[in-house]
Amino acid sequence: MSKQVVDRTIGFFKKNLETMDPQKRFEYINRRLQGIVQYAYRHSTAIKNKMDSVGLKPKDIQTVKDLEKIPITKKTELMELQKKNPPLGGFEGIPIHALRRIYISPGPLYEPGEIEYDELGWAQGMYAAGFRPGDIAINTFSYHMVPFAMQMLDNSLFRIGCVTIPTGVGNTEQQVNILKNLKANAFCGTPSFLLNIAEKAEEMGLDPKKDLHLRVGFVAAEMVPESLRSELEERFGMIIRQGYGTADIRCLGYECIEKHGMHIPDDKIVEIVDPETGKQLGHGKTGEIVATTFNKVYPLIRFGTGDLSTLTEIPCPCGRTSPRLVKILGRVDQATKVRGLFVHPGQADEVASRFPQISGYQVLITRREHKDEMTFLIELRGEDDQSDKLKEGIERSVRDVMKVRGEVKFVLKGTISEGAKRIEDQRTWE
Ligand SMILES: [Zn+2]
């Protein structure tokens, strides 16, 4: 059998969209936004109610900036509305009887399954990860109830031209045999399940690199730590890229070969907002991911994900021109505002991970003379590690990662109690 060499590192799923110049992209996105707002106002009672409640008409929404006028829909509100008006709470843009399926996610939250699945995001993401026509992919996400495996990924694999083996979750030994016997070269699933597969294969006396044929993987549902990614890439001899999205609004970001954050698909708008005011924050600022889709079946407009991130528009060497989510930092409800900026335990972890000398830490937020102060209490592995150079280095990282200045204070081992909150807010407001 001849082996065709595939270059998985170049190419686009929709080149004209993905490489649009910024001005064209701006016009394209605004045009599609106007279209979906008009459509949703006419066909979705929930969107009409929402806009009417603040006296908005579709013509008031011309650009992404205008989206700020529309109140954000939080997951809890979506759940409430669905309970009152099942299954989709009036957010549907087509009659319920015209759907193909109804999916159920924990909550419960219901999601529509349309007849023609034409969402771009996941297909763009898997292509950018290196999936190519003719690949044989195992899809190890759950095919029951929830929409991710069957609706989103299965259809997207089909659109790229891949052959799908719908294995679903679990049965690790059987999955290893399937991978081996069918020479599957592509993987969809969680990074932790891929690790299970590696371990099981080795237990069965197989070498994942030589006896299995995986070359490319698309992981989602949990963030992949860099150490785990490189371990898996090395063990299997494959490329692994991740995507981000939700069951309701689908793909909101995907990594390309460069791994410089996650590109926003061309059929979504992502805003980063202050969760308290709903106002858009500039690039580089941390805030809640609020998303709008152009999907007429379920036209969610300004859906609040509850996840925190930052947007960047620094050009990506891959040639895609869409803005990127730098990283998912965690949940909004775990974040604390310091001098007007959100700080999150995930950011503090990132600072700490840059310095192997650190054995424990806690961030204290206090207030002096009506000003917020942030102090990093740091325990070191060895007392000898203490130096002004290290202190300055950590403070610089705090500034880089958290965008807020903080003071580093070295404390004796055992000062920070086990199970202490990573960010302790000691401010009082009387
Ligand atoms: Zn890129």
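1. Two helix axes count as roughly perpendicular when the angle between them is 65 to 115 degrees. In this predicted model, the axes of helix 2 (residues 22-43) and helix 3 (residues 45-53) cross at roughly 105° and come within 6 Å, and helix 2 and helix 3 are therefore roughly perpendicular to each other. The contact between them is made by V37, A40, Y41 and H43 on the side of helix 2, and by T45, I47, K48, M51 and D52 on the side of helix 3.

2. The zinc ion deserves a careful look. Its protein donors are C256 (SG), H263 (NE2), C316 (SG) and C318 (SG), which lie 2.1 to 2.3 Å from the ion. The angles among these four donor atoms run from 106 to 112°, and the site is tetrahedral; for comparison, the ideal angle for four tetrahedral donors is 109.5 degrees.

3. Where do the donors of the zinc ion sit along the chain? They follow the spacing C-x6-H-x52-C-x1-C. Within this pattern, H263 and C316 link distant parts of the chain, since H263 belongs to strand 10 (residues 262-263), while C316 is in the loop between strand 14 (311-312) and strand 15 (324-325), 53 residues apart. A residue counts as buried when its relative accessible area is under 20%, so H263, at 0%, is buried, and C316, with 7%, is buried as well.

4. Helix 8 (residues 191-203) allows a simple check of length: at 1.5 Å a residue, its 13 residues should span 18 Å, and because its end C-alpha atoms are 19 Å apart, the two values agree. The buried residues in helix 8 include P191, F193, L194, L195, I197, A198 and A201. As a general point, an α-helix has 3.6 residues a turn, so residues three or four places apart point the same way. Just after helix 8, G205 takes a positive phi of about 80°.

5. Is E233, a residue of helix 10 (residues 226-236), buried or exposed? Its relative accessibility is 17%, and E233 therefore counts as buried. When its neighbours within four places in sequence are left aside, E233 is in contact with M238, I239, I240 and R241.

6. G382 lies in the loop between strand 20 (371-380) and helix 12 (388-402), and because its relative accessibility is 23%, G382 counts as partly exposed. From C-alpha to C-alpha, G382 and E395 are 19 Å apart in space, and they are 13 residues apart in sequence.

Terms used. Residues are numbered from 1 along each chain as its sequence is written. This is a predicted model: local features need pLDDT of at least 70, side-chain atom pairs count only at pLDDT 80 or more; totals for chains, interfaces and linings use all residues. Side-chain values use heavy atoms; hydrogens and water are left out. Donors are N, O and S atoms within 2.8 Å of the metal (3.2 Å for Na, K and Ca); water is not among the atoms, so sites may look incomplete. Four donors count as tetrahedral if all angles lie between 85 and 135 degrees; four count as square planar and six as octahedral if opposite donors are over 155 degrees apart and all others between 65 and 115; anything else is irregular. Helices (H or I, at least four residues) and strands (E, at least two) are DSSP runs, numbered from the N terminus. Buried means under 20% relative accessible area, exposed over 50%, partly exposed in between (1.4 Å probe, protein chains only). The expected span of a helix is 1.5 Å times one less than its number of residues. Axes are lines fitted to C-alpha atoms, for helices over the stretch in contact, and angles run from 0 to 180 degrees between N-to-C directions. Angles under 35 degrees count as roughly parallel, over 145 as roughly antiparallel, 65 to 115 as roughly perpendicular and the rest as oblique. Contact means heavy atoms within 4.5 Å.
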